[in-house]
Amino acid sequence: MSATDTATNVILLGPPGAGKGTQARILMDKFGLVQLSTGDLLRGAVAAGTDAGKAAKAVMEAGGLVSDDIVIAIVNDRLDEPDVASGVIFDGFPRTVAQAGALDKLLTDKGMSLDVVISMEVDDAAMVERISGRYTCAKCGEGYHDTHKKPAKEGVCDSCGGTEFKRRADDNAETVAERLKAYHAETAPLIAYYSDSGKLKAIDAMADINLVSQSMADALGNG
Ligand code: ADP
Ligand code: ADP
Ligand code: ZN
């Protein structure tokens with residue numbers, strides 16, 4: 001793929017805190033791909049008070065997985081928007097084998113294909129610390145961390161100069177434990193699913209953010 005290719009579609013697979021959102025934003029800037037985060041779409045639905053949002057709210061607060069039907073419908077709608085022609089980074093989707101099967105079908109129906117699945121390998125033990133220290137710019141959504149990624153100037157977003165930041169309600173130790181459990185029970189089996197398809201590339205996501213994005217570029221054939 002090169003920066004001018006228009007249809008590389010990639011899945012970022014990894015537990016909560018692996019760095020999917022962080023790397024998706026970097027890939028977006030580098031290669032012009034579109035980030036499709038089901039977590040962001042669901043939080044948007046909750047905030048907007050849609051039926052899907054109402055059904056998802058309590059499940060998300062408890063760290064469980066929202067039902068496949070709701071998530072697949074949201075992805076289906078998002079893939080009907082024209083900007084996805086630039087190529088999509090699936091961030092946090094699919095999370096179950098049923099969602100992976102549904103994605104195969106959606107992509108076929110829409111004349112799209114899946115190019116690479118990047119499995120972000122991390123130590124579970126480090127994920128609680130990553131998530132507990134996570135915060136984002138309220139204005140532009142840039143992600144930060146209390147120790148691993150601070151803004152260059154304290155209290156000011158590197159990307160947009162914003163001065164307000166927020167933390168997610170579900171980024172607490174108790175909920176994180178539930179989310180990691182859900183990952184191992186429901187999502188980790190996708191590694192075998194995509195390994196069988198020959199599209200899986202594993203990278204070390206415990207390295208520094210810049211090194212991880214270099215591995216990502218390599219995996220996309222842009223090293
Ligand atoms: P993280 O990036 O920390 O893993 P996300 O923002 O991807 O968190 O997801 C937040 C919450 O939204 C999840 O804990 C889950 O409740 C819900 N969610 C997001 N994506 C999915 C999905 N593909 N299937 C089911 N639930 C999802
Ligand atoms: P995910 O979307 O997979 O849940 P995030 O991209 O939100 O994960 O990253 C979780 C937290 O860890 C954020 O605060 C982020 O700044 C930080 N982070 C991301 N990648 C790394 C890394 N390679 N090393 C250290 N911290 C990281
Ligand atoms: Zn910002």
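**Reading a predicted model: the zinc site and its surroundings**

Modeller: In this predicted model, the zinc ion (ligand 3) has as its protein donors Cys137 (SG), Cys140 (SG), Cys157 (SG) and Cys160 (SG), at 2.3 to 2.4 Å from the ion.

Biologist: What arrangement do the four donor atoms around the zinc ion (ligand 3) make?

Modeller: One reads this from the angles. Four donors count as tetrahedral if all angles lie between 85 and 135 degrees. Around the zinc ion (ligand 3) the angles are 100 to 115 degrees, so the arrangement is tetrahedral.

Biologist: How are the donor residues of the zinc ion (ligand 3) spaced in sequence?

Modeller: Their spacing is C-x2-C-x16-C-x2-C. Cysteine 137 belongs to strand β5 (residues 134-137), whereas cysteine 157 is in the loop between β6 (143-145) and β7 (165-166); the pair therefore ties together parts 20 residues apart in sequence. Cysteine 137 and cysteine 157 are both buried.

Biologist: In what order do the three strands of the open sheet stand?

Modeller: Strands of a sheet pair through backbone hydrogen bonds, and the pairing may be parallel or antiparallel. Here the order is β6-β5-β7, with antiparallel pairing. Because β6 and β7 stand at the edges with a single partner strand each, one side of each has no neighbour in the sheet. Between β5 and β7 there are two bridges; threonine 136 has lysine 166 in β7 as its bridge partner.

Biologist: Which peptide bond is cis, and what is its omega?

Modeller: Most peptide bonds are trans. In this model, the bond joining phenylalanine 93 and proline 94 is cis, with omega about -5 degrees. Proline 94 is located in the loop between β3 (88-91) and α5 (97-109).

Biologist: Is serine 119 buried or exposed?

Modeller: A residue counts as buried under 20% relative accessible area. Serine 119 has 4%, so it is buried. This residue is part of strand β4 (residues 116-121). Apart from neighbours within four places in sequence, serine 119 contacts Leu13, Ile191, Leu200, Lys201, Ala202 and Ile203.

Biologist: How does the radius of gyration of the protein agree with that of a compact globule?

Modeller: A compact globule of 223 residues would have a radius of gyration near 17 Å, and the protein agrees because its value is 17 Å. Its C-alpha atoms fill a box of roughly 45 × 40 × 35 Å along the principal axes. The protein has nine helices and eight strands, and 42% of its 223 residues count as buried.

Note on methods
Residues numbered from 1 in each chain as written. Chains lettered and ligands numbered in written order. Predicted model: local features only at pLDDT ≥ 70, side-chain atom pairs only at ≥ 80, totals over all residues. Heavy atoms only, no water. Helix = DSSP H or I, 4+ residues; strand = E, 2+ residues; numbered from the N terminus. Buried < 20%, exposed > 50% of the residue type's maximum accessible area, 1.4 Å probe, protein only. Contact = heavy atoms within 4.5 Å. Donors = N, O, S within 2.8 Å, 3.2 Å for Na, K, Ca; no water. Tetrahedral: all angles 85-135°; square planar, octahedral: opposite > 155°, others 65-115°. Pairing = 2+ DSSP bridges. Rg over C-alpha atoms; globule rule 2.2 N^0.38 Å.
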